[in-house]
Structures are given as C-alpha cells and as structure tokens.
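User: Hi! Could you walk me through this model?
Analyst: Happy to. Here it is.

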Amino acid sequence: MKLELADYCIRCGICEDLYPDLFRRNYQEHCMDVLYDEIPEQLQDRARQAAADCAVAAIRIVD
Amino acid sequence: MEVIKTDVAVMGSGVAGMGAAYKLANAGVKVAVFEKYPAQGGAVSNCPMSFCSTPDTPEAQKSAYEVWAKFSNYTANLALISKALKYSSELPDLILNKLKIKAPVVIHREPSEYGTQRGYTMGHANGLDVGDIYFLEGRGQGHAFALALLRLRFLLEKQGVQFYFSTPIKKIIREPNGGKVTGAIAYQKDGTQVRIECKALIVAAGGMTNNIPLMKELGVLRTKYEDAYKDGGQVLITFPDSCQDGDGHLAVWEIGGKRGGIAISADPQVPNPGVRVGPNTPWLAANQTKIITEQPYLRVNELGRRFINEEMANNHTAISTSIIRNNPNMACYMIFDEDTARHMSQGVEDGYVYFIFQGVKVENIRGQMDEAIAKGNRHMCHFDTIHEVCEYMGIDEDGLRDTIAKYNHAAEIGYDEQFKTNPKYIRPVREESGHIYCYRILAGGYDTMGGVLIDENANVLDEDNRPIEGLYAAGDMVTGSIYGDPPANAGGNVHGSMPTGLLAGDSAAAYVKGAI
C-alpha cells in the first residue's frame with residue numbers, strides 16, 4: 001500500500017496530529033510528507049483511517 | 001520577468017479573496033488570484049465549523065447594524081457595516097446551495113436577541129452574534145470551510161479564474177502623485193519576478209501570524225512568552241507554516257494606505273504541548289484544559305490583581321482583549337483550589353462550556369496537568385501552597401494574597417465589591433483545601449485582525465480617509481473597519497471576511513466596467 005497526497009492538499013496538518021507515525025509537516029517545501037514509500041502492514045489500518053479523516057479528501061490510498 | 005495581464009488581481013485565496021473572485025467571475029471580469037501558499041484556504045481552513053448570517057429583512061439588518069456599530073464604539077466605518085451585513089445574507093445560498101456544504105444544525109434567532117450572547121455557548125461570541133447561526137458538516141476530522149473553499153476553487157477554475165499558487169505579491173504599483181493602482185509585483189517559487197498589469201487589485205492577504213518579528217515591531221505581540229506564539233504552540237491557531245507574513249499590510253502601507261490598529265483575534269489559550277493532540281489542529285484537544293479555563297473562577301494578572309468580572313470567562317473577546325490591553329506579558333492566570341477541582345468533577349457550570357460539551361465533568365485535573373507537564377508544558381502547575389504557585393508562575397505573591405483575601409471575603413459575605421460578580425461563581429481559594437492549581441492563559445487567536453482600513457466600497461483608504469483608486473481590500477486585514485479600530489473580536493471571522501470579500505469583488509467589477 002502507498003499513500004499519495006493530492007496537490008490540492010491544504011496542509012492543515014490534521015493528518016500529522018492524528019497520525020504522526022505516517023505524516024510530517026515539511027516546512028521547506030510547505031507541504032505534508034508521507035513518511036513511508038510503502039506503508040508497513042501494521043500501519044495500513046491507520047493509513048485508511050487517515051484518508052477518511054482528511055478534511056478535503058487529499059489522502060489517496062494506492063494499493 | 002513574466003508579465004500577467006488581467007482585469008482584476010486578487011492577493012490571497014482565503015475566504016475573503018475567494019469571495020471576491022467569486023463575484024468577479026460571475027460579473028464576467030477576468031480575474032487572477034495570487035497566493036503565497038501552495039494551496040487555497042488561508043486562515044479559515046483551520047477554523048470554522050459554523051458561520052453567522054444576517055437575514056435580509058429590515059428588522060434583522062437594523063438590529064445587527066446597531067449591535068456592530070455599538071460594539072465598535074462607532075470607530076468602524078458605519079456605511080461599510082451596513083453593506084457587509086447585507087452581503088452576509090448571501091452566505092447561506094453560496095455555502096449551502098452552490099458549494100453543497102451541509103448544515104445539520106441551524107439556529108434561527110430573533111433580531112431582538114442579537115448581541116446578547118455572552119460567549120461561545122451557542123457557537124458565536126457576542127461581537128459576531130448578529131444573525132442565524134449555521135453549523136456545518138465537515139469531512140472526516142476537518143471543519144467544513146476547508147472543503148467549502150476547495151470546492152469554490154474548483155468552481156472558479158471552471159469559470160476561467162486563474163490561480164497562481166506559491167506566487168506571493170510583494171509590491172503594489174501605483175501611479176505617481178497619488179494616482180491609481182495599476183498592478184503589482186509578485187515572485188514565483190524560483191524567484192522569477194512577475195509583473196501583474198491590472199485595472200484593479202484586491203488585497204485579501206489575511207493576517208501576520210507567521211511573522212513574529214513584524215508583530216513585535218508593530219506592538220501586536222508584547223510578551224516574554226513569545227515562544228508560545230510560534231508554530232505548534234497553538235496560541236496563534238492559524239495552522240503552522242501558514243505563510244501569513246503581513247505582506248499585504250506592508251504593500252498597502254508602502255503606497256500610502258492608512259495604517260489601522262492590529263490585534264490578535266481574541267481566543268484565550270493555554271499553550272501546547274499537551275493541550276492539543278498535535279501542533280496543527282486547535283479542535284483536537286488532548287485534555288479538558290480549554291473547558292477548565294472557561295469556568296468563571298478567579299483569574300488574575302502577573303501583579304496578582306483581578307482584571308475582569310470572571311463571569312466573562314467564556315467571552316473570548318472580553319477576556320482576550322482585556323488581557324491584551326491591561327495585563328503584563330499578554331497573560332492571565334486562573335487559580336483554584338482542591339475544593340473547586342472537586343466541584344468541577346461534579347460538572348462544569350451551565351453556560352460556561354461550548355454547547356457540545358454541556359454537562360461534561362472535569363475528571364482528574366491533577367493527572368491531566370501532570371501529563372501535559374511531562375510533555376514539557378510550563379504554563380500550568382499545582383502545588384500545596386500559594387507561595388509555590390507564585391514562584392513557579394511568576395505571579396506577585398503579595399498582590400495575589402491580597403486579592404485572594406478580598407475574593408474569599410466576597411465569597412463569605414456573598415458580595416463582590418470590585419466587580420459585582422454573581423456570588424455563586426465566587427469560589428474561595430484556600431490552601432487548607434489541600435492543593436492549589438494554576439493555568440497561564442495567553443491572549444491568542446485565529447489570526448491578526450486589522451491594519452488596513454477601507455470605505456463602504458471596500459476601497460482602501462489613504463491617510464486622509466480618501467479612497468485609493470483601483471485598490472480594494474477585504475478579510476481579516478480590514479476588520480478594523482467593521483468591528484472597530486483597533487479591532488476586538490473573537491474567533492474565526494467568516495462573517496466579516498466573506499462579506500467584505502464579496503463586496504470588494506462587486507466594487508472592483510463595477511470599477512473596471514466603468515460603473516464607478
């Protein structure tokens with residue numbers, strides 16, 4: 001599983017607050033970073049929940 | 001250097017800039033939006049779950065006008081208030097119908113009730129309490145305005161509006177000798193200069209919460225606790241890295257725009273860490289700190305003196321403004337003893353909690369504090385003695401002991417000579433109870449308000465109160481013109497920002513068409 005962030009992501013940071021093991025704010029590029037290229041199996045349920053929690057549906061799951 | 005030609009350029013894509021672009025697009029005017037940030041939204045994307053709209057009836061408009069005019073102590077532009085309120089009546093159609101945002105709860109209010117709410121008990125503070133209140137359904141854990149503005153962006157792009165993200169405007173081009181505005185200078189991400197040629201420019205660049213040096217220089221921030229105002233401290237709860245640096249203010253002032261007062265929008269905060277779950281999102285609370293610190297119990301400043309009737313504890317405007325104007329270091333301290341902690345564990349005071357938390361009980365305050373303290377929070381403490389609390393928090397002990405003696409006496413006789421606070425909220429502070437608790441509360445908020453002043457057409461004013469031709473402004477930066485100068489109001493500012501954005505859009509459209 002991979003996570004992609006749409007370019008329209010508003011960088012509000014809800015994902016980092018709730019799932020700091022998956023996302024981190026990137027101050028240099030003014031964006032959010034996904035911390036894994038491939039989401040580890042033990043974090044995949046959290047990744048799905050992160051996609052559901054996003055304010056603007058900017059987190060996409062790519063299987 | 002790249003050149004972009006358009007009828008109207010808009011600086012900023014928050015709620016005000018997007019509102020302006022919406023009107024311009026509908027008027028058939030060519031519009032380009034320049035945004036410093038990589039995405040639209042501005043301060044509003046981190047805030048509102050609701051908005052207030054004044055219905056377009058004579059009774060509602062008149063009542064709302066009177067509330068705002070009085071609230072501003074008549075320092076607002078009263079003709080602008082009248083227009084902004086009229087535009088606020090358009091919000092439900094735009095947000096609910098055109099942007100398809102659901103409002104599961106709508107509170108319709110009688111015009112005679114406007115301005116009577118004390119705090120956030122129904123969702124809006126008294127300064128903004130001038131109409132019906134719409135509570136919106138956001139997606140996931142987000143608040144709805146993030147989604148609303150994203151949908152508005154997509155809608156506007158379909159209508160031909162050009163968006164230039166990561167392209168901040170830094171200078172306004174104005175003809176010499178007080179002439180009209182004809183363009184602006186922006187910069188692309190790689191540093192390439194962009195010359196914008198336009199017939200009108202709308203500045204809707206928000207506040208300056210990302211620029212602490214500028215806030216200090218302008219006297220907006222005066223506190224030794226400035227670290228708490230940085231990203232993640234969540235005293236300023238615009239999201240981190242917001243890029244709101246005051247570029248709009250500086251550009252307007254540079255070409256002769258009048259300087260208005262600036263204040264942090266009023267929402268008192270106990271800083272992170274350990275108060276919110278993370279550094280970004282103000283509504284994801286890690287504990288009950290916000291609920292505790294809105295209870296109407298003793299609060300003092302660093303001198304140990306009371307500074308307000310504590311019945312105003314949930315009135316964000318009153319508390320925060322009073323902290324800013326009257327207290328050292330923009331700070332106050334809520335102090336209570338073990339008996340009051342036990343009292344809160346039975347339930348918080350009716351009306352002193354955001355309506356969705358009515359009836360809540362505050363459990364294990366000491367444990368909540370210890371957890372936050374363990375995460376590095378130095379803005380709360382609990383000790384056996386008042387002396388220890390004063391030493392830790394930097395409160396004048398003599399002053400506090402004198403205040404507590406008078407406060408406890410007021411509790412005993414049921415009469416508060418100083419503020420006439422309702423006796424049922426005067427809870428004595430006694431070391432004999434076993435423990436003393438204290439929170440440091442700073443004057444925080446969602447954004448800075450004010451700094452640029454406009455007339456009733458959203459035209460930017462010069463030092464002589466004359467409109468600068470071709471230059472308009474809207475949103476948080478012009479709130480002095482609708483809430484009073486310097487502005488004092490609480491919380492998110494959709495009610496002010498979107499109407500002034502809509503007004504600026506209509507006015508600029510009329511101007512470029514030669515109708516003004």
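Analyst: One term before we start: helices here are DSSP runs of H or I with at least four residues, numbered from the N terminus. Also keep in mind that this is a predicted model.

User: Thanks! What follows H7(B)?
Analyst: That would be Gly256(B), and its phi is positive, near 105 degrees.

User: And which residues of that helix, 247-254 in chain B, are buried?
Analyst: Asp247(B), Gly248(B), His249(B), Ala251(B) and Val252(B) are buried there.

User: What covers the buried residues of H7(B)?
Analyst: Several strands of chain B take part, including S2 (8-11), S8 (169-174) and S19 (467-473).

User: How is chain B divided into domains?
Analyst: Domain 1 takes 2-207 + 446-512, and domain 2 takes 289-442. Their C-alpha centres lie 37 Å apart.

User: Switching to chain A: how many helices and strands does it have?
Analyst: Chain A has two helices and four strands, and from the N terminus they run β-α-β-β-α-β. Its radius of gyration is 10 Å, close to the 11 Å from the globule rule for 63 residues, so chain A is as compact as a globular protein of that length.

User: How much of chain A is buried?
Analyst: Buried residues make up 38% of its 63 residues.

User: How many residues does each chain bring to the contact?
Analyst: Chain A gives 21 residues and chain B gives 25. On the chain A side, the largest share comes from H1(A), with four residues. By class, that side has 14 nonpolar, two polar and five charged residues.

Technical notes:
Residues are numbered from 1 along each chain as its sequence is written. Chains are lettered from A and ligands numbered from 1 in the order in which they are written. This is a predicted model: local features need pLDDT of at least 70, side-chain atom pairs count only at pLDDT 80 or more; totals for chains, interfaces and linings use all residues. Domain bounds come from an automatic or database domain assignment. Two residues are in contact if their C-beta atoms, placed from the backbone, lie within 7 Å. Ala, Val, Leu, Ile, Met, Phe, Trp, Tyr, Cys and Pro count as nonpolar, Asp, Glu, Lys and Arg as charged, and the others, Gly among them, as polar. A residue is buried if 20 or more other C-beta atoms lie within 10 Å of its own, exposed if 12 or fewer, and partly exposed in between; C-beta atoms are placed from the backbone. The radius of gyration is taken over C-alpha atoms; the globule rule is 2.2 Å times the number of residues to the power 0.38.
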